[in-house]
Amino acid sequence: MKLTGVILSLILLSASHTLACQNSSAADRVIYLGDSHTVGDFGKRLSENLSKIYGTENIKRYGVIGAAAQHWNKKDNSSLRKLKIGYYCDGDGLVSGKAPATNFPTPSQLFQGSAPTMVVVALGTNDVHGGCLIKDKEDQMAAAKELLAQIRPNSKCVWVGPTEQPSTGPIGQRCGQAKIKAFIDNLRDTVSDRCTFIDSRKITYQGKPILPNRSDKLHYGGNLANHWADSVAEQIAGPQVKKVNSSPLKPASHSN
């Protein structure tokens, strides 16, 4: 009997673990997905802020290192699983150096249940890094539209755009500042019909645009990552957030 009980407990634990990563529920007010920034310090801080703002811990975060919009807009997770660097999934936590688990969700899976209050998409850095030509931008904007089409009409949407990129960083060296600007402007115009676009290029620290402070000149850590996340959270809580055929979201009251 004892052995049977242990086996049953392990089965139930395994099932709950799988469901935690894969499914959303009516209790999930915010679903937040993105790339390595979402996996890292910025994503952790933004999740914490959103939890405080909306008075609930039912905020699910999913990030895959190296992900662009094209990886998220498929009916299965095969594109995401090709990215074998690391990921964050509620239920799995932070997993480094591996492809997402087989049960890693796609937007269609995340949004198949009751519509969340809000969907936060933080993508764009890998999109512009993936190609700087006009044709590249056309394909990437089509991918962004396809992703947004999966968000249910009565969910509010926020898209967090990329930050400024240093000219000496890998994206700056590959694309140049003019093409980076053109890409992000195009992304803003493409998603703004459906989402509130937060232009991270306008977020400043000590009067200057924030730039990556990691050695790879792509990522953020420590206080600068927190500052970026805090600024984004403040914009989400303050301005009207777009939702199809609906009034703006009213933040839950909370104490500081």
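Arg201 and Asp199 form a salt bridge, with 2.8 Å between the closest N and O atoms. Both residues are buried: Arg201 and Asp199. The model is a predicted one.

This pair belongs to a network of salt bridges that links Lys181, Asp185, Arg188, Asp189, Asp199 and Arg201. Across the whole structure, a search finds 7 salt bridges. Three of the pairs with residues in the network are set out here.

| Salt bridge | Closest N and O atoms |
|---|---|
| Lys181 and Asp185 | 2.7 Å |
| Arg201 and Asp199 | 2.8 Å |
| Arg188 and Asp189 | 3.1 Å |

Lys181 and Asp185 share helix α10. They sit 4 residues apart, about one turn of the helix. Asp185 has a relative accessible area of 14%. The cut-off for buried is under 20%, so Asp185 counts as buried. Arg188 and Asp189 have other values. Arg188 is partly exposed, at 29% relative accessible area. Asp189 is partly exposed too, at 48%. The cut-off for exposed is over 50%, so Asp189 at 48% stays in the partly exposed class.

**The disulfide**

How many disulfides does the structure hold? There is 1. The bond joins Cys157 and Cys195, whose sulfur atoms lie 1.9 Å apart. The angle about the S-S bond is 65°, and the link of Cys157 and Cys195 is right-handed. Cys157 belongs to strand β6 (residues 156-160), while Cys195 falls in the loop between α10 (177-191) and β7 (196-198), so the disulfide ties together parts that are 38 residues apart in sequence. Both Cys157 and Cys195 are buried.

**Helix α11**

Does the span of α11 match or miss the expected value? Helix α11 covers residues 222-237, 16 residues in total. At 1.5 Å a residue, these should span 22 Å. The expected span takes 1.5 Å times one less than the number of residues. The end C-alpha atoms of α11 are 23 Å apart, which agrees.

Which residues of α11 are buried? They are Leu224, Ala225, Trp228, Ala229, Ser231, Val232, Ala233 and Ile236. The buried residues of α11 pack against helices α2 (36-39) and α3 (41-53). They also pack against strands β5 (118-122), β6, β7 and β8 (204-205). Strand β6 is also where Cys157 of the disulfide lies.

**Lys145 and Thr190**

Lys145 has its place in helix α8 (residues 134-148). Is Lys145 buried or exposed? Its relative accessibility is 53%, so Lys145 counts as exposed. In sequence, Lys145 and Thr190 are 45 residues apart. In space, their C-alpha atoms are 7.5 Å apart.

**The whole chain**

The chain has 11 helices and 9 strands. Of its 256 residues, 48% are buried. Consider the contacts with a separation of 6 or more. Residues 24 or more positions apart account for 74% of these contacts. The accessible surface of the chain comes to about 12400 Å². Carbon and sulfur atoms hold 52% of that surface.

How values were computed:
Residues numbered from 1 in each chain as written. Predicted model: local features only at pLDDT ≥ 70, side-chain atom pairs only at ≥ 80, totals over all residues. Heavy atoms only, no water. Disulfide = S-S within 2.5 Å. Helix = DSSP H or I, 4+ residues; strand = E, 2+ residues; numbered from the N terminus. Buried < 20%, exposed > 50% of the residue type's maximum accessible area, 1.4 Å probe, protein only. Salt bridge = Lys/Arg side-chain N within 4 Å of Asp/Glu carboxyl O. Contact = heavy atoms within 4.5 Å. Areas by Shrake-Rupley, 256 points an atom, 1.4 Å probe, with all protein chains shown as cover.
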